[in-house]
Amino acid sequence: MVGYFSFAPVKLPGAENDFNATRSPGNTVPDKQRIAFQRFFDGQAHLAEGLNLLAVQDSEQVLRATDIRPYFREAAQWHLAVAYLKSGQPRRAAHVLNALTDCIDCEYPVSTLDRWKLRWQIQWAEWFS
């Protein structure tokens, strides 16, 4: 079980197919939101390609946007935590994850199992870095 938590990848829900996350009510997306969405998807691609520092930069830029929906902000925070972990910054990953655990009305549905895996992998990285 420890091996599973230590090495199994954390699977976050995709936001690319969520109409509510990427579209505004009038079917037009303001430029700032469109740029934030594009950076988010760039960050996902960078994580998949192993370009973790670029994924960190993309996610941090998404979170600087002030007018994105709470669902999308949470998604960016989860991806930032994973990007920090994969880029060798477990303390930063822990800081982001701690902010997410205080979430009362979370909108981005990350499974309990994936939350535990991420928490364990961050702890493991802190112990052995």
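Here is a short walk through the structure above, from its overall fold to its core and its largest pocket.

This is a predicted model, in which local features need pLDDT of at least 70 and side-chain atom pairs count only at pLDDT 80 or more, while totals for chains, interfaces and linings use all residues. Residues are numbered from 1 along each chain as its sequence is written, and side-chain values use heavy atoms, with hydrogens and water left out.

Let's start with the fold. The chain has seven helices and zero strands, where helices (H or I, at least four residues) and strands (E, at least two) are DSSP runs numbered from the N terminus. Of the 129 residues, 40% are buried, meaning under 20% relative accessible area with a 1.4 Å probe and protein chains only.

Now to the interior. The largest nonpolar core holds 31 residues; such a core is a set of buried Ala, Val, Leu, Ile, Met, Phe, Trp, Tyr and Cys residues joined through side-chain atoms within 4.5 Å. Leu12, Trp78, Tyr108, Leu118 and Ile122 touch the most other members. Helices H3 (31-49), H4 (52-64), H5 (70-86), H6 (90-101) and H7 (112-127) each give two or more residues to this core, and H5 gives the most, with eleven. Leaving aside neighbours within four places in sequence, Leu118 is in contact (heavy atoms within 4.5 Å) with Val10, Trp78, Ala81, Val82, Leu85 and Leu97.

Technical notes:
Buried means under 20% relative accessible area, exposed over 50%, partly exposed in between (1.4 Å probe, protein chains only).
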